[in-house]
Amino acid sequence: MNECVHCGFCLEACPTYVVTRSEVHSPRGRIMAMRLGLESSGLGTCVFCRRCEEACPSGVPYGELISAHRRADASTAGMHRLLENPRALASALRLVMKGNGETSARLREFVKEVREPLEYRDQSAEVVLFPGCLTAVVLRQTVEKALKYLRRWFKVEVVNGCCGLPHMGEGERDRAEEIATAWSSKLKGRKVVVLSANCAAHMKERWKGVEVYDFAEFVERNGLELPRVDAKVTLHEPCHAKVVGISGYTRAMLKRMGVQVVEMDDPSFECGAGGSYFLFQPELADAIFEEKARKVGRTGIETVVSSNPSCSLSLGRKFKVIHPADLLD
Ligand code: SF4
Ligand code: SF4
(Lines give C-alpha, C1' and ligand atoms only; values in the text may rest on other atoms or scores of the structure.)
(Ligands and ions follow the chains in the order given, each with its own letter.)
Protein backbone atom coordinates (compact mmCIF):
# COMPACT_ATOMS: atom_id res chain seq x y z
CA MET A 1 0.00 0.00 0.00
CA ASN A 2 2.84 2.34 0.80
CA GLU A 3 4.21 1.99 -2.74
CA CYS A 4 1.22 3.99 -4.06
CA VAL A 5 2.31 7.58 -4.81
CA HIS A 6 -1.23 8.72 -5.81
CA CYS A 7 -0.13 9.57 -9.36
CA GLY A 8 -3.48 8.49 -10.85
CA PHE A 9 -2.01 6.67 -13.87
CA CYS A 10 -4.29 3.75 -12.98
CA LEU A 11 -7.55 5.73 -13.06
CA GLU A 12 -8.49 5.44 -16.74
CA ALA A 13 -7.61 1.73 -16.69
CA CYS A 14 -10.19 1.09 -13.97
CA PRO A 15 -13.66 0.21 -15.30
CA THR A 16 -15.51 1.35 -12.18
CA TYR A 17 -13.74 4.72 -12.25
CA VAL A 18 -14.49 5.09 -15.97
CA VAL A 19 -18.24 4.60 -15.43
CA THR A 20 -18.56 6.52 -12.14
CA ARG A 21 -15.78 9.18 -12.31
CA SER A 22 -15.64 8.76 -8.53
CA GLU A 23 -12.39 8.57 -6.58
CA VAL A 24 -14.14 6.21 -4.15
CA HIS A 25 -14.53 3.67 -6.95
CA SER A 26 -10.96 4.03 -8.23
CA PRO A 27 -7.81 2.01 -7.44
CA ARG A 28 -6.21 5.04 -5.80
CA GLY A 29 -9.26 5.64 -3.61
CA ARG A 30 -9.47 1.98 -2.64
CA ILE A 31 -5.79 1.83 -1.71
CA MET A 32 -6.24 4.95 0.43
CA ALA A 33 -9.30 3.41 2.13
CA MET A 34 -7.37 0.21 2.89
CA ARG A 35 -4.39 2.17 4.16
CA LEU A 36 -6.55 4.24 6.51
CA GLY A 37 -8.74 1.28 7.52
CA LEU A 38 -11.91 2.99 6.25
CA GLU A 39 -15.19 1.16 5.51
CA SER A 40 -15.44 2.45 1.94
CA SER A 41 -18.20 1.33 -0.42
CA GLY A 42 -15.51 1.33 -3.12
CA LEU A 43 -13.93 -1.77 -1.63
CA GLY A 44 -17.04 -3.76 -2.55
CA THR A 45 -17.32 -2.40 -6.09
CA CYS A 46 -13.89 -3.47 -7.35
CA VAL A 47 -14.26 -5.96 -10.23
CA PHE A 48 -10.87 -7.57 -9.41
CA CYS A 49 -9.74 -7.18 -13.01
CA ARG A 50 -6.21 -6.07 -12.02
CA ARG A 51 -6.01 -3.66 -14.95
CA CYS A 52 -4.74 -1.04 -12.48
CA GLU A 53 -1.70 -3.22 -11.80
CA GLU A 54 -0.74 -3.11 -15.46
CA ALA A 55 -1.08 0.67 -15.56
CA CYS A 56 0.82 1.36 -12.31
CA PRO A 57 4.39 2.63 -12.77
CA SER A 58 5.18 2.00 -9.09
CA GLY A 59 4.38 -1.71 -9.27
CA VAL A 60 1.64 -1.64 -6.61
CA PRO A 61 0.39 -5.27 -6.33
CA TYR A 62 -3.23 -4.20 -6.16
CA GLY A 63 -4.68 -7.70 -6.71
CA GLU A 64 -2.82 -9.01 -3.67
CA LEU A 65 -4.01 -6.07 -1.57
CA ILE A 66 -7.70 -6.34 -2.37
CA SER A 67 -7.79 -10.14 -2.17
CA ALA A 68 -6.19 -10.02 1.29
CA HIS A 69 -8.64 -7.33 2.39
CA ARG A 70 -11.95 -8.88 1.33
CA ARG A 71 -14.06 -11.33 3.33
CA ALA A 72 -16.74 -13.44 1.63
CA ASP A 73 -20.25 -13.45 3.10
CA ALA A 74 -22.19 -16.71 3.45
CA SER A 75 -23.89 -16.53 0.04
CA THR A 76 -20.62 -15.85 -1.78
CA ALA A 77 -18.87 -18.67 0.10
CA GLY A 78 -21.78 -20.99 -0.72
CA MET A 79 -21.49 -20.12 -4.38
CA HIS A 80 -17.76 -20.86 -4.30
CA ARG A 81 -18.47 -24.37 -2.95
CA LEU A 82 -20.75 -25.00 -5.92
CA LEU A 83 -18.07 -23.82 -8.35
CA GLU A 84 -15.70 -26.39 -6.83
CA ASN A 85 -18.05 -29.15 -8.03
CA PRO A 86 -19.21 -28.50 -11.63
CA ARG A 87 -21.86 -31.25 -11.47
CA ALA A 88 -23.43 -29.61 -8.44
CA LEU A 89 -23.02 -26.25 -10.17
CA ALA A 90 -25.00 -27.49 -13.18
CA SER A 91 -27.82 -28.74 -10.93
CA ALA A 92 -27.89 -25.53 -8.89
CA LEU A 93 -27.91 -23.31 -11.98
CA ARG A 94 -30.84 -25.23 -13.47
CA LEU A 95 -32.76 -25.00 -10.23
CA VAL A 96 -32.13 -21.31 -9.60
CA MET A 97 -32.81 -20.37 -13.22
CA LYS A 98 -36.34 -21.79 -12.88
CA GLY A 99 -37.13 -19.40 -10.02
CA ASN A 100 -38.97 -16.09 -10.02
CA GLY A 101 -36.55 -13.92 -8.04
CA GLU A 102 -34.06 -11.29 -9.21
CA THR A 103 -31.10 -13.69 -9.14
CA SER A 104 -33.01 -16.18 -11.30
CA ALA A 105 -33.90 -13.51 -13.84
CA ARG A 106 -30.33 -12.20 -13.89
CA LEU A 107 -28.92 -15.69 -14.46
CA ARG A 108 -31.37 -16.32 -17.31
CA GLU A 109 -30.18 -13.08 -18.92
CA PHE A 110 -26.58 -14.36 -18.97
CA VAL A 111 -26.82 -18.16 -19.19
CA LYS A 112 -28.57 -19.67 -22.20
CA GLU A 113 -27.76 -23.34 -21.72
CA VAL A 114 -26.59 -25.55 -18.84
CA ARG A 115 -25.23 -29.04 -19.49
CA GLU A 116 -23.47 -31.69 -17.44
CA PRO A 117 -19.65 -31.44 -17.50
CA LEU A 118 -18.01 -33.72 -20.05
CA GLU A 119 -16.35 -36.76 -18.47
CA TYR A 120 -13.49 -38.26 -20.46
CA ARG A 121 -10.80 -40.32 -18.79
CA ASP A 122 -7.60 -41.85 -20.17
CA GLN A 123 -5.14 -43.53 -17.76
CA SER A 124 -2.29 -42.90 -20.19
CA ALA A 125 -3.15 -39.26 -20.93
CA GLU A 126 -0.24 -36.97 -21.79
CA VAL A 127 -2.35 -33.83 -21.55
CA VAL A 128 -5.05 -32.74 -19.09
CA LEU A 129 -7.86 -30.64 -20.55
CA PHE A 130 -9.17 -28.42 -17.75
CA PRO A 131 -12.26 -26.56 -18.96
CA GLY A 132 -12.74 -24.48 -15.78
CA CYS A 133 -15.86 -24.72 -13.61
CA LEU A 134 -18.13 -22.41 -15.58
CA THR A 135 -16.94 -23.41 -19.06
CA ALA A 136 -17.59 -27.05 -18.12
CA VAL A 137 -21.32 -26.44 -17.70
CA VAL A 138 -22.23 -23.44 -19.89
CA LEU A 139 -19.90 -23.98 -22.87
CA ARG A 140 -19.81 -27.74 -23.17
CA GLN A 141 -19.71 -27.61 -26.97
CA THR A 142 -16.39 -25.74 -26.70
CA VAL A 143 -15.04 -28.48 -24.42
CA GLU A 144 -16.07 -31.15 -26.94
CA LYS A 145 -14.41 -29.28 -29.82
CA ALA A 146 -11.18 -28.74 -27.89
CA LEU A 147 -11.03 -32.39 -26.80
CA LYS A 148 -11.61 -33.67 -30.34
CA TYR A 149 -8.94 -31.32 -31.71
CA LEU A 150 -6.26 -32.10 -29.09
CA ARG A 151 -6.86 -35.87 -29.44
CA ARG A 152 -5.56 -35.65 -33.00
CA TRP A 153 -2.06 -35.31 -31.50
CA PHE A 154 -2.17 -36.27 -27.83
CA LYS A 155 -3.73 -38.68 -25.39
CA VAL A 156 -6.01 -36.40 -23.40
CA GLU A 157 -8.19 -36.64 -20.31
CA VAL A 158 -10.71 -34.10 -19.05
CA VAL A 159 -10.44 -32.96 -15.44
CA ASN A 160 -13.29 -30.82 -14.10
CA GLY A 161 -13.11 -28.46 -11.15
CA CYS A 162 -12.46 -24.90 -10.07
CA CYS A 163 -9.02 -23.26 -10.13
CA GLY A 164 -9.72 -20.99 -7.12
CA LEU A 165 -9.76 -17.65 -8.94
CA PRO A 166 -13.28 -16.71 -7.72
CA HIS A 167 -12.20 -17.39 -4.14
CA MET A 168 -9.08 -15.27 -4.57
CA GLY A 169 -11.02 -12.26 -5.81
CA GLU A 170 -14.10 -12.59 -3.65
CA GLY A 171 -12.87 -12.88 -0.09
CA GLU A 172 -11.77 -16.50 0.37
CA ARG A 173 -8.06 -16.17 -0.17
CA ASP A 174 -7.14 -19.00 2.22
CA ARG A 175 -9.51 -21.36 0.44
CA ALA A 176 -7.99 -20.27 -2.90
CA GLU A 177 -4.55 -21.23 -1.58
CA GLU A 178 -5.89 -24.60 -0.37
CA ILE A 179 -7.36 -25.27 -3.81
CA ALA A 180 -4.09 -24.34 -5.53
CA THR A 181 -2.11 -26.61 -3.20
CA ALA A 182 -4.48 -29.53 -3.77
CA TRP A 183 -4.35 -29.23 -7.57
CA SER A 184 -0.57 -28.71 -7.51
CA SER A 185 -0.21 -31.98 -5.64
CA LYS A 186 -2.69 -33.86 -7.87
CA LEU A 187 -1.38 -32.60 -11.23
CA LYS A 188 2.31 -32.05 -10.42
CA GLY A 189 4.54 -32.26 -13.51
CA ARG A 190 1.57 -32.58 -15.92
CA LYS A 191 0.66 -30.48 -18.92
CA VAL A 192 -2.69 -28.78 -18.25
CA VAL A 193 -4.54 -27.01 -21.08
CA VAL A 194 -7.20 -24.57 -19.90
CA LEU A 195 -10.30 -23.32 -21.75
CA SER A 196 -10.83 -20.29 -19.49
CA ALA A 197 -8.09 -17.73 -20.07
CA ASN A 198 -8.42 -15.89 -16.76
CA CYS A 199 -8.31 -19.22 -14.91
CA ALA A 200 -5.15 -20.12 -16.87
CA ALA A 201 -3.63 -16.83 -15.72
CA HIS A 202 -4.50 -17.56 -12.08
CA MET A 203 -3.21 -21.14 -12.33
CA LYS A 204 0.08 -19.98 -13.83
CA GLU A 205 0.58 -17.74 -10.83
CA ARG A 206 -0.63 -20.10 -8.08
CA TRP A 207 -0.38 -23.76 -9.13
CA LYS A 208 3.19 -24.73 -8.33
CA GLY A 209 4.95 -27.42 -10.36
CA VAL A 210 2.16 -27.75 -12.96
CA GLU A 211 2.71 -26.85 -16.66
CA VAL A 212 -0.33 -24.64 -17.28
CA TYR A 213 -1.27 -23.39 -20.76
CA ASP A 214 -4.18 -21.38 -22.04
CA PHE A 215 -5.71 -23.29 -24.99
CA ALA A 216 -4.43 -20.91 -27.70
CA GLU A 217 -1.03 -20.76 -26.00
CA PHE A 218 -0.76 -24.57 -26.15
CA VAL A 219 -1.79 -24.62 -29.82
CA GLU A 220 0.72 -21.94 -30.75
CA ARG A 221 3.64 -23.15 -28.65
CA ASN A 222 3.28 -26.62 -30.17
CA GLY A 223 2.69 -25.28 -33.69
CA LEU A 224 -0.42 -27.48 -34.05
CA GLU A 225 -2.00 -27.54 -37.50
CA LEU A 226 -5.03 -25.29 -37.87
CA PRO A 227 -7.82 -25.15 -40.45
CA ARG A 228 -8.28 -22.09 -42.68
CA VAL A 229 -11.36 -20.18 -41.56
CA ASP A 230 -12.99 -17.46 -43.61
CA ALA A 231 -14.30 -15.17 -40.88
CA LYS A 232 -14.16 -11.58 -39.68
CA VAL A 233 -14.23 -11.08 -35.92
CA THR A 234 -13.28 -8.67 -33.18
CA LEU A 235 -11.26 -9.86 -30.20
CA HIS A 236 -11.92 -9.40 -26.47
CA GLU A 237 -8.87 -9.89 -24.25
CA PRO A 238 -9.81 -11.33 -20.81
CA CYS A 239 -8.30 -9.07 -18.15
CA HIS A 240 -6.18 -11.46 -16.07
CA ALA A 241 -4.86 -13.17 -19.21
CA LYS A 242 -3.65 -9.74 -20.34
CA VAL A 243 -1.97 -9.13 -16.96
CA VAL A 244 0.12 -12.32 -17.23
CA GLY A 245 0.90 -11.72 -20.94
CA ILE A 246 -0.90 -14.59 -22.69
CA SER A 247 -3.47 -12.65 -24.76
CA GLY A 248 -1.17 -12.59 -27.80
CA TYR A 249 -1.53 -16.33 -28.35
CA THR A 250 -5.22 -16.05 -29.28
CA ARG A 251 -4.41 -13.29 -31.75
CA ALA A 252 -1.58 -15.43 -33.22
CA MET A 253 -3.86 -18.46 -33.51
CA LEU A 254 -6.54 -16.47 -35.34
CA LYS A 255 -3.93 -15.02 -37.69
CA ARG A 256 -2.62 -18.48 -38.59
CA MET A 257 -6.19 -19.54 -39.41
CA GLY A 258 -6.60 -16.59 -41.75
CA VAL A 259 -9.31 -15.06 -39.56
CA GLN A 260 -9.56 -11.30 -40.05
CA VAL A 261 -9.51 -9.43 -36.73
CA VAL A 262 -11.00 -5.94 -36.59
CA GLU A 263 -9.55 -4.37 -33.46
CA MET A 264 -11.79 -2.78 -30.84
CA ASP A 265 -10.57 0.04 -28.57
CA ASP A 266 -8.85 -1.17 -25.40
CA PRO A 267 -9.70 -4.87 -25.95
CA SER A 268 -9.06 -5.88 -22.32
CA PHE A 269 -11.59 -3.36 -20.97
CA GLU A 270 -13.98 -5.24 -18.70
CA CYS A 271 -16.94 -7.17 -20.11
CA GLY A 272 -19.32 -6.47 -17.22
CA ALA A 273 -19.33 -9.96 -15.71
CA GLY A 274 -16.38 -10.08 -13.31
CA GLY A 275 -16.93 -13.55 -11.85
CA SER A 276 -20.10 -13.16 -9.76
CA TYR A 277 -19.91 -9.34 -9.90
CA PHE A 278 -22.84 -9.25 -12.34
CA LEU A 279 -25.04 -10.82 -9.65
CA PHE A 280 -23.97 -8.70 -6.67
CA GLN A 281 -23.27 -5.35 -8.36
CA PRO A 282 -25.78 -5.42 -11.26
CA GLU A 283 -26.00 -1.66 -11.88
CA LEU A 284 -22.26 -1.08 -12.11
CA ALA A 285 -21.83 -4.32 -14.06
CA ASP A 286 -24.37 -3.11 -16.62
CA ALA A 287 -22.77 0.33 -16.88
CA ILE A 288 -19.40 -1.34 -17.55
CA PHE A 289 -21.04 -3.64 -20.10
CA GLU A 290 -22.57 -0.68 -21.94
CA GLU A 291 -19.13 0.93 -22.19
CA LYS A 292 -17.70 -2.33 -23.51
CA ALA A 293 -20.61 -2.78 -25.94
CA ARG A 294 -19.88 0.69 -27.37
CA LYS A 295 -16.28 -0.37 -28.02
CA VAL A 296 -17.43 -3.57 -29.73
CA GLY A 297 -20.19 -1.76 -31.62
CA ARG A 298 -17.75 0.77 -33.12
CA THR A 299 -15.96 -2.08 -34.95
CA GLY A 300 -19.12 -2.86 -36.94
CA ILE A 301 -18.42 -6.56 -36.33
CA GLU A 302 -21.01 -8.82 -34.71
CA THR A 303 -18.81 -11.80 -33.80
CA VAL A 304 -16.55 -11.48 -30.76
CA VAL A 305 -13.84 -13.98 -29.92
CA SER A 306 -13.57 -14.45 -26.15
CA SER A 307 -11.54 -17.15 -24.40
CA ASN A 308 -13.08 -16.69 -20.95
CA PRO A 309 -16.57 -17.95 -20.01
CA SER A 310 -17.95 -15.14 -17.84
CA CYS A 311 -16.85 -12.61 -20.48
CA SER A 312 -18.55 -14.74 -23.14
CA LEU A 313 -21.80 -14.87 -21.18
CA SER A 314 -21.82 -11.12 -20.66
CA LEU A 315 -20.95 -10.23 -24.26
CA GLY A 316 -23.36 -12.91 -25.48
CA ARG A 317 -26.28 -10.73 -24.39
CA LYS A 318 -25.69 -8.48 -27.38
CA PHE A 319 -23.19 -10.18 -29.72
CA LYS A 320 -22.39 -13.57 -31.17
CA VAL A 321 -19.48 -14.86 -29.08
CA ILE A 322 -17.13 -17.73 -29.87
CA HIS A 323 -14.13 -19.34 -28.16
CA PRO A 324 -11.08 -19.97 -30.41
CA ALA A 325 -11.72 -23.72 -30.05
CA ASP A 326 -15.18 -23.24 -31.58
CA LEU A 327 -13.49 -22.50 -34.91
CA LEU A 328 -11.88 -25.96 -35.08
CA ASP A 329 -13.25 -29.06 -36.80
S1 SF4 B 1 -1.86 2.51 -7.71
FE2 SF4 B 1 -0.06 3.01 -8.92
S3 SF4 B 1 -0.88 4.13 -10.70
FE4 SF4 B 1 -2.50 4.11 -9.15
S5 SF4 B 1 -2.23 6.04 -8.02
FE6 SF4 B 1 -1.07 4.45 -6.90
S7 SF4 B 1 1.02 4.58 -7.71
FE8 SF4 B 1 -0.30 5.68 -9.16
S1 SF4 C 1 -8.90 -4.38 -10.00
FE2 SF4 C 1 -10.04 -3.42 -11.71
S3 SF4 C 1 -11.92 -2.59 -10.77
FE4 SF4 C 1 -10.49 -3.03 -9.09
S5 SF4 C 1 -9.39 -1.10 -8.76
FE6 SF4 C 1 -8.13 -2.28 -10.20
S7 SF4 C 1 -8.80 -1.61 -12.24
FE8 SF4 C 1 -10.39 -0.94 -10.77
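# A guided tour of the predicted model

A search of the whole structure finds 0 disulfides, a disulfide being a pair of cysteine sulfur atoms within 2.5 Å. The model is a predicted one, in which local features need pLDDT of at least 70 and side-chain atom pairs count only at pLDDT 80 or more, whereas totals for chains, interfaces and linings use all residues. Residues are numbered from 1 along each chain as its sequence is written, chains are lettered from A and ligands numbered from 1 in the order in which they are written, and side-chain values use heavy atoms, with hydrogens and water left out.

**First stop: two cysteines**

Select Cys162, which is in no disulfide; the nearest cysteine sulfur, that of Cys133, is 4.0 Å away. Cys162 is buried at 3% relative accessibility. Here buried means under 20% relative accessible area, exposed means over 50%, and partly exposed lies in between (1.4 Å probe, protein chains only). Cys4 is likewise buried, with a relative accessible area of 12%.

**Second stop: ligand 1**

Next, select ligand 1. It is surrounded by 13 residues, of which the closest are Cys4, Cys7, Gly8, Cys10 and Cys56; a residue counts as near when one of its heavy atoms lies within 4 Å of the molecule. By class, this shell holds 9 nonpolar, 3 polar and 1 charged residues. Ala, Val, Leu, Ile, Met, Phe, Trp, Tyr, Cys and Pro count as nonpolar, Asp, Glu, Lys and Arg as charged, and the others, Gly among them, as polar. The space that ligand 1 takes is the largest cavity. A cavity is a set of points, on a 1 Å grid over the protein atoms alone, where a 1.4 Å probe fits but cannot get out, and a molecule sits in it if more than half of its atoms lie within 2 Å of its grid points.

His6 may be selected next, in the segment before α1 (15–20). Its phi is near 65 degrees, a positive value in a residue other than glycine. His6 is partly exposed, at 31% relative accessibility.

**Third stop: ligand 2 and Phe48**

Ligand 2 takes the space of the second largest cavity. Among the residues around ligand 2 are Cys14, Cys46, Phe48, Cys49, Cys52 and Tyr62. The shell has 9 nonpolar, no polar and 2 charged residues.

Now select Phe48 alone, in the loop between α3 (42–45) and α4 (51–55). Helices (H or I, at least four residues) and strands (E, at least two) are DSSP runs, numbered from the N terminus. Phe48 has a phi near 60 degrees, a positive value in a residue other than glycine, and is buried, with a relative accessible area of 9%.

From Phe48, move to Ser67 in helix α5 (residues 62–69). Ser67 is buried, at 1% relative accessible area. Neighbours within four places in sequence aside, Ser67 is in contact with Phe48, Met168 and Arg173, contact meaning heavy atoms within 4.5 Å.

**Last stop: helix α10**

Select α10. Its buried residues include Arg140, Val143, Ala146 and Leu150. The buried residues of this helix pack against β1 (127–130), α9 (133–138), β2, β3 (191–194) and α14 (215–221). Glu144, also in α10, is partly exposed at 29% relative accessibility. Beyond its neighbours within four places in sequence, Glu144 is in contact with Arg115 and Leu118.

Finish at Arg151, in the loop between α10 (140–150) and β2 (156–158). Arg151 is partly exposed, at 46% relative accessibility. To view a long span, select Arg21 as well: the C-alpha atoms of Arg151 and Arg21 are separated by 49 Å.

Terms used:
1 Å grid on protein atoms, 1.4 Å probe; cavity = no way out; pocket = protein on both sides within 12 Å on 5 of 7 lines; lining within 4 Å.
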